[in-house]
Amino acid sequence: MKVNAIVLAAGSGSRMKSKTKKQFMTIKGKPVIWFALNAFQKSMVDEIILVTSKEDVDYCKNIIKKYNLTKVSSIIEGGKERYNSVYNGLKETKCDYVLIHDGARPLINQQIIDNCINGAIKYKACVAGVPVKDTIKIVDEKGIVIDTPPRNQIWITQTPQAFEDKLIREAYENIERSDNALITDDAMVVEKYGNAKVHFVEGAYDNIKITTPEDIILCECLMQNKHV
Ligand SMILES: Nc1ccn([C@@H]2O[C@H](COP(=O)(O)OP(=O)(O)OP(=O)(O)O)[C@@H](O)[C@H]2O)c(=O)n1
Ligand SMILES: C[C@](O)(CO)[C@H](O)COP(=O)(O)O
């Protein structure tokens, strides 16, 4: 059984509003992207496909060399939207199961990776996540509450998202032929165009995505007691 991971680092990080792209900012002396790459390096994943922007390929090559990330088998160019980057990565993989992960989620751990691999084997399509702790409200464009859905039906969706390779490949091929507006994760591609039900597997509350400036501070705090 061959398991590959696609790690995404081709975003512009516009919500971070920083000079350095968020995936290359430094936490505990290491670039953010290193944490995810290192987690997969230490896991049972066979190969890592790193997706990044053309202008960052050389920088990524340096990181891979410096930290001896031997499982990174290729660095490929991303696309305009996240799903374009994922599809470019998928074209580069050939395996039985594939894990797709945001390079901007440095707090991924071995347990989550294992949960995703086992979930993909069991269900063909799964995503890491956790139930929401807050009450969530649906609002209209004026900010007026329309509905308060039952909290036990709402989960925070994280990455990795893991799939049987054939299934996710076919689902992505289908979006090429369809209206692909507002696709923000890979589970959605399977929900809309794939041939399996997507199951949640246990993620972690600290498996946050670095998106806005306070996430860097939060991440540093969360990492303080961890051995990474
Ligand atoms: N065209 C894109 C867009 C996003 N990503 C990656 O997908 C992950 C999650 O996306 P997000 O947090 O939205 O990153 P950005 O698109 O970079 O951020 P923003 O939306 O604030 O511009 C990140 O690791 C990002 O690098 C990517 O590889 N290619
Ligand atoms: C894939 C994802 O991280 C799951 O939460 C998320 O959907 C990415 O969305 P973004 O709009 O690119 O932040």
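Me: A salt bridge is a side-chain nitrogen of Lys or Arg within 4 Å of a carboxyl oxygen of Asp or Glu. How many salt bridges does a search of the whole structure find?

Reply: This is a predicted model, in which local features need pLDDT of at least 70 and side-chain atom pairs count only at pLDDT 80 or more, while totals for chains, interfaces and linings use all residues. Residues are numbered from 1 along each chain as its sequence is written, chains are lettered from A and ligands numbered from 1 in the order in which they are written, and side-chain values use heavy atoms, with hydrogens and water left out. Lys80 and Glu81 form one such pair, their closest N and O atoms being 3.4 Å apart, and the search of the whole structure gives a count of 9.

Me: Does Lys80 count as buried or exposed?

Reply: Buried means under 20% relative accessible area, exposed over 50% and partly exposed in between, with a 1.4 Å probe and protein chains only. Its partner Glu81 has a relative accessible area of 36% and is therefore partly exposed. Lys80 has a relative accessibility of 77%, so this residue counts as exposed.

Me: How many residues apart in sequence are the parts that Lys21 and Asp56 tie together?

Reply: The side chains of Lys21 and Asp56 meet in a salt bridge, with 2.5 Å from N to O. Helices (H or I, at least four residues) and strands (E, at least two) are DSSP runs, numbered from the N terminus. Because Lys21 lies in the loop between S1 and S2, and Asp56 in the loop between S4 and H2, the separation in sequence is 35 residues.

Me: Which residue forms a salt bridge with Lys21 at 2.9 Å between the closest N and O atoms?

Reply: Lys21 counts as buried because its relative accessibility is 17%, and Asp56 is buried as well. The partner at 2.9 Å counts as exposed, since its relative accessibility is 58%. That partner is Glu55.

Me: Which element gives the largest share of the largest nonpolar core?

Reply: A nonpolar core is a set of buried Ala, Val, Leu, Ile, Met, Phe, Trp, Tyr and Cys residues joined through side-chain atoms within 4.5 Å. The largest has 43 residues, and those with the most contacts inside it include Val7, Phe40 and Leu99. Among the elements that give two or more residues to this core are S1, S4, helix H4 (110-123) and strand S7 (125-131). The largest share, 8 residues, comes from H1.
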